[in-house]
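Biologist: Please take a close look at the salt bridges of this model and at the elements that carry them. I would then like to see the surrounding picture, as far as the coordinates allow.

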Amino acid sequence: MPKKVLIVDDEPNIVISIEFLMKREGFATVVAHDGEAALEKVAAERPDLVLLDVMMPRRNGYEVCQMLRANPDYAGLRIIMLTAKGRETEVAKGLALGADAYMTKPFATKDLVAQVRKLLDPAA
Amino acid sequence: MLLQLPVIIGAAFVYLAVLFAIAYYGDKRADAGRSIISHPLVYSLSLGVYCTTWTFYGSVGRAAASGIGFLPVYLGPTLVAALWGTIMLKMLRVSKTYRITSIADLIGSRYGKSQLLAGLVSLIAVIGVVPYIALQLKAIANSFSILTAYPETLARAEPASGMIFTDSGFLITLMLAAFTIVFGTRHLDATERHEGMVAAVAFESVVKLVAFSAVGVFVTWGIYDGFDDIFRRASEVPALFALMTSRDTAATYGSWTALTLLSMSAVMFLPRQFQITVVENVDENHLRRAIWMFPAYLLAINIFVLPIAFGGLIEFGKQGTDTDMFVLTLPMSRDQQWLALLAFVGGLSAGTGMIIVETIALSTMVCNDLVMPLLLRLRMQALERRSDLTWLLLGIRRFSIVSILLLGYLYFRLAGEAYALVSIGLISFSAVAQFAPAIIGGLYWKGATRRGAVAGLMAGFIVWTYTLLLPSFARSGWLPQEFLTQGVFGIELLRPQQLFGLAGLDAITHALFWSMACNIGALIGFSLLGREDAREATQAELFVDVFKHGSGVAGPSFWRGSAQVGDLITLVGRFLGVERARRAFERYAARRGNIGVDQLRADADLVHFTETQLAGAIGSASARVMVASVVKEEALGLDEVMNILDEASQVRAYSQQLEQKSRELEQATTELRAANERLTDLDRLKDDFMSSVTHELRTPLTSIRAFSEILVDNPEMEEDQRQEFLSIITKETVRLTRLVNQVLDMAKLESGRTDWRDERTDLREVIEQAVAATSQLFKDRGAAIELVLPDELPGVMIDGDRFVQVLVNLLGNAVKFVNPGSGHVKVSLTRDDADIVVEVADNGPGILAEDQPKIFEKFRQGGDSLTGKPQGTGLGLPISRQIVEHYGGRLWVESAPEREPGARFIFRLPSSLIALEEEAA
Amino acid sequence: MTRSKLTAQRLAALFLAGWMAFNYPLLSLFNLPARVLGVPLLYVYVFAAWGLLIALTAWLVERRKD
């Protein structure tokens, strides 16, 4: 069974590109366009990893991250934060809130794929 | 019958007893530290000591003779009071600072602590004021005899004959002497203040005002039927009708002006006025309020003068009655005995108040500036041996009081009959006016010297004696009448009342002119002639610049020498009493930094302190002599004093500069802090802006980079997908370009570097262009657009392209938010009050009130609260607003989604933009 | 300080105005055998001007309460 990745971003074009990349790597994908939807999708689809944008309507990425980490059911869930704001304080904040990795937009597709793989398949 | 001798004497005694009681109570309270006179009203009332029997009885007499001619004597003080905040305050400050306790001390001290000058002033004051005291005694005695002669009233009072002890005037003189001694010389005080006496004097002012007004009310409404009745009846008598205007001659106006000037100086420099205004002043603020309270008192006490005068003239006719006594005789003629008694008490209060204060003031001068200097000079050796001289000082004061009062009595008995009350008073006023040049000059002109002051005073006094005093003696028969008519030695040019042939003026104006001309001329002339010595220069500096130097202790030090602290304490002890001296030095030591008396150093400051203490008790000139006797003084040369003065003024100037600099520095600091805060604010704003810009830039870049990499990495991709991805890249690139353009646009707008190409523009064309530019968007969304444009519209001077941008923005926003398929957008252009209003209304979801301000913020996009991510940069509305505001217009949104759907974006341009030729057409 | 200096100057101006009002030639303008409400014009003028002067002084002095 392929690993499942939830892509959360309010920019449709970014979602399309990430979706393509994840499918190419053989992952199943689920999409959400805002924070609330992301939480619902996590509950419904139980993904293995979330690619989480920060600047979103209806709950930003930090809040979503915090809420996911607060729920013990999602202990194994991996979270990668994606943001256009690349300042160190924001990186630190994301990691402090429990994200496993933090990527700054625009990112190199190779790096994103590598990061996702590393988190989902540590053995590889 | 009420008005019998025992009743009248009894009333007088009871009244004096009440005065004693008030004065006693006032002193007790003062000793207990709870002053009853520390109130501006009490202060102003006590200034009412200016109103003597001259006012109480004499004004009516003067009014009966000359109509309104009695008034300048009260108008002068009213006018000059307006200047008290400047002149009197300076006198007050000088006197408090240097412990000056009399007008003689003030003048002597200013001109180098000159004993000669102080003595001269005292002499002039005594000679000049004794007739004035006599006037009071005369008025009281007159009123007494008129009252006792009731009902055979209305006769001119004759001085009592027979035994001297049955003479009411003499009895009153003795009683007043006792009163003055008890409350004026109870103890020696360095400040010479007498609170009990002031309280009594203030009370007397109330009594005389009440009594006079009571008579006035009785005459006006009791005897007659109001003011108009009195004046109507009087106008029927030709002689009285003539009094209602004054003679329109130069002499009349000249004498009016002269009296005004005379009273101005009198109200400040009469010894009793100086005593009350300056010496007895408790608080400088009281002076400030007396500026209007005192004139108000003068006005109040004068209201009924004319009605009483005319009432009396109608009642008794002009002949055969003493017009000065109408205040008494009018109530008596109508058998109002109580009222007459009240009037008598009122007159008594006016007289006693003046006598008491005047005598205290004069006795201080006589003691400090005439007797003490003589004693110190003649019997120095004998005085040296006495350790306590307070008894001597008090003895001299008491003796002076009795002597002055007896002198007044003597003058009254010998010369008083020849003149009306007012004329005697004016002679005194003229004498006191001689002090004015020396004082005013001394307070404001540093160049006034002792020689100038002595010369001026002497000249003025001699002329006064010759033109006023001697003629009054001639009138009284002490000098041959020829003195008046033919002058000295028969030289007509020297006739005392037409000096050098100056005729046509009344005696007072004539005397005032010549005495002032000589006085001022001599003061200025001699001052400019001779150089001042060091001590004078010092005093001139200290007096003229008293407000700069502050308290004397802090002033520059003009003393150099050596002394023993013990000697100084002993010296003060001899004049103030050992105990009081010890306490004064202890207080001084405490002020110098909480040290004991034995630790004091006999420096310049301590010597100055000693001298000031002594000055309060024996006058500044004598104090200087006494201090000089116990310290070894090195004389300072004039040059040295000048140097010190220069230094002092340099130090002062320097410290002013310093102050100025530190103020500037403080201001600069404040400004810097504010600027810094603004910068920090701007910085934060810029930071937010930059952060937002980067975010907005990174978003399309992310897509572009991702798809480019995908396309590169997956060459075998299907053609359809490849095409889709390429078109996304294109769209994101366009978005990026638009964003970059708008950010640059915004930056230019904000920094004011935008290039505005204003030309005559038809807004209808602008709207049509914008609609054409967005027509594809409308088509895509299936939205309808409606235009409502007027047929005629003046051209406006704007940059048309910019407004196309604005409208494209508004239309773009509108179409973005309407529901696909059912959208409707309406653009209308109207004129409201000549202003041009453009409105873009849509039928979309609308904008909540709390979101409305936000949408005009940069990078705040509408729809944050909606599910869908809006398309746009978040800069459109802020840019549009900037453009509209650049033209003095306004852009805003109106929407109330809870009531009806839709939002209306409206901008309004002021009519001033309308092109000129359009307006003309 | 400046405030009290200003008040002093205003008072000085009042002094000058009063001096004008109570001297020739202004005074002579009212020196007429006319009566106002029964009272001779000259008397009415002098007392009214006097009262006004005092009222203005009072107003100037009292309004700068500090």
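Modeller: In this predicted model, B:R582 has a relative accessible area of 36% and is therefore classed as partly exposed, since that class runs from 20% to 50%. Its partner B:E586 is also partly exposed, again with a relative accessible area of 36%. The two side chains meet in a salt bridge with an N to O distance of 2.5 Å. Both residues belong to helix α28 of chain B (residues 578–591), where they stand four residues apart, about one turn of the helix.

A second pair within one helix is B:E719 with B:R722, whose closest N and O atoms are 3.9 Å apart; the pair is counted because the limit is 4 Å. Three residues, about one helical turn, separate these partners in helix α32 of chain B (residues 719–751). B:E719 is partly exposed at 48% relative accessibility, and B:R722 is partly exposed at 22%. Elsewhere, B:D229, B:R232, B:R233 and B:E236 are joined into one network by salt bridges that share partners.

The salt bridge between B:E315 and B:R334, at 2.8 Å from N to O, has another setting. B:E315 sits in helix α15 of chain B, whereas B:R334 sits in the loop between α16 (326–333) and α17 (337–378), so this pair ties together parts 19 residues apart in sequence. With 27% relative accessibility, B:E315 is partly exposed; B:R334, at 36%, is partly exposed as well. Over all chains, the count reaches 25 salt bridges.

One salt bridge is counted between chain B and chain C. It pairs C:E62 with B:R289, and their closest N and O atoms are 2.9 Å apart. Nine residue pairs are in polar contact across this interface. On the side of chain B that touches chain C, α4 (72–81), α10 (227–235), α12 (250–269), α14 (284–302) and α15 (305–316) each supply at least two residues. The greatest contribution to that side comes from α14(B), with nine residues. Altogether the contact involves 41 residues of chain B and 33 residues of chain C. About 3200 Å² is buried between the two chains, and carbon and sulfur atoms give 74% of that area.

Chain A completes the picture. Its five helices and five strands follow the order β-α-β-α-β-α-β-α-β-α along the sequence. Of its 124 residues, 52% count as buried. Among contacts in chain A with a separation of 6 or more, 60% come from residues 24 or more positions apart. Helix α5 of chain A (residues 109–120) has 12 residues and spans 17 Å between its first and last C-alpha, close to the expected 16 Å. Its buried residues are A:T109, A:L112, A:V113, A:Q115, A:V116, A:L119 and A:L120. These residues lie on the same side of α5(A), because they cover an arc of only 160° around the axis. A:K110 and A:K118, on the other side of α5(A), are exposed.

Methods
Residues are numbered from 1 along each chain as its sequence is written. Chains are lettered from A and ligands numbered from 1 in the order in which they are written. This is a predicted model: local features need pLDDT of at least 70, side-chain atom pairs count only at pLDDT 80 or more; totals for chains, interfaces and linings use all residues. Side-chain values use heavy atoms; hydrogens and water are left out. The expected span of a helix is 1.5 Å times one less than its number of residues. Buried means under 20% relative accessible area, exposed over 50%, partly exposed in between (1.4 Å probe, protein chains only). The arc is that of the directions from the helix axis to the C-beta atoms. Contact means heavy atoms within 4.5 Å. Buried area is the accessible area (1.4 Å probe) that two parts lose on being put together, summed over both. A polar contact is a pair of N or O atoms within 3.5 Å; within protein, one must be able to donate a hydrogen and the other to accept it, and residues adjacent in sequence count only if both atoms are side-chain atoms.
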